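Hello,

Here is the structure I promised to pass on. Please open it next to this email and follow along.

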Amino acid sequence: MVLPIGTGALLALLFTLLLESWVAGAVVGLLFALGFAGVLVMTAQGAARKKKPTRLR
């Protein structure tokens, strides 16, 4: 969970400096952190639900 939050914070800082608006930077950082965490959760769920291979006769 630290990776998406840290990356989101760095992106928020970057966009704050680029756009000269801390609100825009915070929104971009938050959206990225949520999206990145969502991808990690979905990947973990997919790996946990992996189907067993069927036997060929």
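Below is what I found, from the overall shape down to single residues.

Please keep in mind that this is a predicted model.

Let's begin with the whole chain. The chain contains two helices and zero strands. Its C-alpha trace spans about 65 × 15 × 10 Å along the principal axes. The radius of gyration is 18 Å, whereas a compact globule of 57 residues would have one near 10 Å. Of the 57 residues, 12% are buried. The chain exposes about 5,100 Å², and 74% of that area comes from carbon and sulfur atoms.

Next, helix 2. This helix has 27 residues, and the distance from its first C-alpha to its last is 39 Å, close to the 39 Å expected at 1.5 Å a residue. Which residues of helix 2 are buried? They are G25, G29, A33 and A37. Their numbering fits a general point: an α-helix has 3.6 residues a turn, so residues three or four places apart point the same way. Helix 1, residues 2-19, is among the parts that cover the buried residues of helix 2.

There is also something to see on the surface. W22, V23, V27 and L31 form a nonpolar patch there, with about 460 Å² of accessible area together. One of these residues, L31, lies in helix 2, which covers residues 22-48. Is L31 buried or exposed? L31 is exposed because its relative accessible area is 58%, and the cut-off for exposed is over 50%.

Now for the loop between helix 1 and helix 2, where you will find E20. The phi of E20 is near 55°, a positive value in a residue other than glycine. As a general background, most residues other than glycine have a negative phi. E20 has a relative accessibility of 73%, so it counts as exposed.

Last, have a look at the segment after helix 2, which holds R55. R55 counts as exposed because its relative accessibility is 81%. How far apart are R55 and V39 in space? Their C-alpha atoms are 31 Å apart, with the two positions 16 residues apart in sequence numbering.

If you have time for just two places, try the nonpolar patch of W22, V23, V27 and L31, then E20 with its positive phi.

Best wishes

Conventions: Residues numbered from 1 in each chain as written. Predicted model: local features only at pLDDT ≥ 70, side-chain atom pairs only at ≥ 80, totals over all residues. Heavy atoms only, no water. Patch = residues over 30% accessible without salt bridge, like charges linked within 9 Å, V, L, I, M, F, W, Y side chains within 5 Å. Areas by Shrake-Rupley, 256 points an atom, 1.4 Å probe, with all protein chains shown as cover. Salt bridge = Lys/Arg side-chain N within 4 Å of Asp/Glu carboxyl O. Helix = DSSP H or I, 4+ residues; strand = E, 2+ residues; numbered from the N terminus. Buried < 20%, exposed > 50% of the residue type's maximum accessible area, 1.4 Å probe, protein only. Rg over C-alpha atoms; globule rule 2.2 N^0.38 Å. Expected span 1.5 Å × (residues − 1). Contact = heavy atoms within 4.5 Å.
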